[in-house]
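The exercises below ask you to read a strand's surroundings and a ligand's shell from a model. Work through each task with the structure open before turning to its solution.

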Amino acid sequence: MKFSTEELIIGIKSGNKRLIAKAITLVESKKAEHRLQAEELLKEIMPFTGNAIRVGITGVPGAGKSTFIESFGKLAISEGKKVAVLAIDPSSAINKGSILGDKTRMEELAKEENAFIRPSPSSGFLGGVANTTFETMMICEAAGYDYILIETVGVGQSEVLVADITDVFLFIKIIGGGDELQGIKRGIMEMVDVVFINKVDDTNLQKAKNTRLELKRALDFIPSKEKNWKVPVLLGSALENKGLMDIYDKLNEFINLKKHSQRFEIVRTQQAEKRFEYWVQAYILAQMKRSGDLEESYLQHKKNASSLVSNPSTEAKLFVDLFLRKNL
Ligand SMILES: Nc1nc2c(ncn2[C@@H]2O[C@H](COP(=O)(O)OP(=O)(O)OP(=O)(O)O)[C@@H](O)[C@H]2O)c(=O)[nH]1
Ligand SMILES: [Mg+2]
């Protein structure tokens, strides 16, 4: 990293997008010396973090998440706010793809002075699922962004990762059936705080209302995450900028309710505990692989496990025992 921690911090605090991007690359890096600098940086900026509203956004591919973010982002900016857009995309670790790779869909937002768009993280931290989005968010908060919008693909695991680092979870749905495909049976409905039925126009308004009714019935069977909050189902069009203000108001109403009941702080505290646990595991694993050239043994045991012949927990134990023998 050719920038000192100090330079990066000054850059972040002054809202220099190039240096913000450099700092994010630093916290995403798996190199040991970069991690060292990243920790130094994160420690310094910690007092300036925590002030944004962290919004998770999910929905099946093509539901209109990116289009929504573009419209919502512009709306928030017109309200005098600064908006950062991030993505959690576990598939990028596998195929090096990126859900925000096609930034074209957010072209207009990207042009805004008060917007910052960051494509998906690079491949996983030491072979695990890339999960530095929280640290990226810290950098954006220290840079003064008021809303952090995190887009995720609507396929399971990534929602959990997003729910673990956000304050409010928005589900973008399209009209009609395919509820299973749209994640209703996969527990997404248990995480969601606000629903937006997208792509609604005059021709399909009645269908949209039917979908809303179905959704509300489904939601009635799900225990509410927050006391005194009934998950609202709003209709609109991200492309035509309809219903966006209602969503903006609902998200803020939800945040205020959470703050009022202290749930806001409680949940963030729980999230921080999980982050701690995540990093303990990540650092221990990194340390193990580094010490005494164990990377190869690690890969071998992993291969044994993945061959479906040997038991994964046995292979893990063998690897840990090997590490302990070499280091104690
Ligand atoms: N008619 C109509 N089309 C829309 C609306 N919102 C989004 N679209 C279109 O739907 C398509 C998919 O939109 P995206 O915003 O890329 O959807 P996404 O959920 O981000 O998709 P992935 O990132 O691939 O998961 C695009 O062609 C959009 O123009 C809307 O309100 N009305
Ligand atoms: Mg998208």
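## Strand pairing and burial

**Exercise 1.** In this predicted model, determine in which sense strand 6 and strand 7 (residues 233-235) pair, and over how many bridges.

*Solution.* Strand 6 and strand 7 pair in the parallel sense, and three bridges connect them. To fix the register, take valine 195, whose bridge partner in strand 7 is valine 233. The path between these strands includes helix 10 (residues 205-220), and strand 6, helix 10 and strand 7 together make a β-α-β unit that is right-handed.

**Exercise 2.** Establish how strand 5 (residues 168-174) is joined to strand 6.

*Solution.* Strand 5 and strand 6 run parallel and are joined by five bridges. Within this pairing, isoleucine 197 of strand 6 has lysine 173 standing opposite.

**Exercise 3.** Decide which residues lie on each face of strand 6, and whether those faces are covered or open.

*Solution.* Begin with the strand as a whole: it spans residues 194-198, and five of its five residues are buried, the cut-off for burial being 20 or more other C-beta atoms within 10 Å. Then separate the sides: Val194, Phe196 and Asn198 lie on one, Val195 and Ile197 on the other, and both faces are covered.

## The ligand shell

**Exercise 4.** Describe the residues around ligand 1 by nearness, by class and by the element that gives the most.

*Solution.* There are 17 residues around the ligand, of which Gly64, Ser66, Thr67, Ser237 and Leu239 come nearest. Sorted by class, the shell has seven polar, six nonpolar and four charged residues. Helix 4 (residues 65-78) gives the most to this shell, with three residues.

Technical notes:
Residues numbered from 1 in each chain as written. Chains lettered and ligands numbered in written order. Predicted model: local features only at pLDDT ≥ 70, side-chain atom pairs only at ≥ 80, totals over all residues. Buried ≥ 20, exposed ≤ 12 C-beta atoms within 10 Å, placed from the backbone. Helix = DSSP H or I, 4+ residues; strand = E, 2+ residues; numbered from the N terminus. Pairing = 2+ DSSP bridges. Right-handed = clockwise from strand over helix to strand, strands pointing away. Near = placed C-beta within 6 Å. Nonpolar A, V, L, I, M, F, W, Y, C, P; charged D, E, K, R; others polar.
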